[in-house]
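Colleague: I am new to this structure and would like a close look at a single part of it. Please take me through the nonpolar core and what lies around it.

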Amino acid sequence: MILDCRTRAAGGRRVIVFAAGHIGFRRSLLVRAAARRLARFRDLTGRGRVGVLAGTSGEARLPELRGIVDAVGVLAGGTFVDTPAAVVVADGGTGSVIGADGPSARLQGRHRLQPASGR
């Protein structure tokens with residue numbers, strides 16, 4: 001999937017052109033050294049949380065595949081976002097965006113996303 005926002009300079013001028021999408025999201029199980037108990041996917045249980053690293057292109061892609069954000073990164077209404085300051089509940093507007101080019105200011109430092117149906 002080619003993200004248009006990653007092909008443009010800050011002023012909106014196109015600076016990168018791709019001929020075709022070249023990156024697919026696939027499973028990986030990268031864990032901190034302290035979490036060696038998760039050596040294989042079958043080791044995952046309901047006791048742990050798994051996600052992608054905040055601020056990476058994977059963070060922009062995985063929530064879109066799961067329907068938590070739309071194609072431009074706007075969080076679905078009712079999504080819970082844990083931040084250092086508070087739990088933010090997205091209203092489905094452009095003030096709650098997590099995109100490949102960064103998040104909305106109120107979502108800085110986020111450490112957990114949870115869909116409305118997950119609480």
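**The nonpolar core**

Modeller: Eight residues form the largest nonpolar core, namely Ile 68, Val 69, Leu 75, Val 81, Val 88, Ala 90, Ile 98 and Leu 107; such a core is a set of buried Ala, Val, Leu, Ile, Met, Phe, Trp, Tyr and Cys residues joined through side-chain atoms within 4.5 Å. The model is predicted, with local features needing pLDDT of at least 70 and side-chain atom pairs counting only at pLDDT 80 or more, while totals for chains, interfaces and linings use all residues. Residues are numbered from 1 along each chain as its sequence is written, and side-chain values use heavy atoms, with hydrogens and water left out.

Within this core, Leu 75 is in contact (heavy atoms within 4.5 Å) with Ile 68, Val 69, Val 81, Ala 90, Gly 92, Ser 96, Ile 98, Leu 107 and Leu 113, once neighbours within four places in sequence are left aside. One of these partners, Ser 96, is found in the loop between strand 2 (87-89) and strand 3 (98-99), where strands are DSSP runs (E, at least two residues) numbered from the N terminus. Ser 96 counts as buried because its relative accessibility is 1%, and buried means under 20% relative accessible area, with a 1.4 Å probe and protein chains only. Not counting residues up to four places away in sequence, Ser 96 touches Gly 73, Val 74, Leu 75, Ala 90, Asp 91, Ser 104, Arg 106 and Leu 107.

As for the whole chain, buried residues make up 27% of its 119 residues.

Terms used:
Buried < 20%, exposed > 50% of the residue type's maximum accessible area, 1.4 Å probe, protein only. Helix = DSSP H or I, 4+ residues; strand = E, 2+ residues; numbered from the N terminus.
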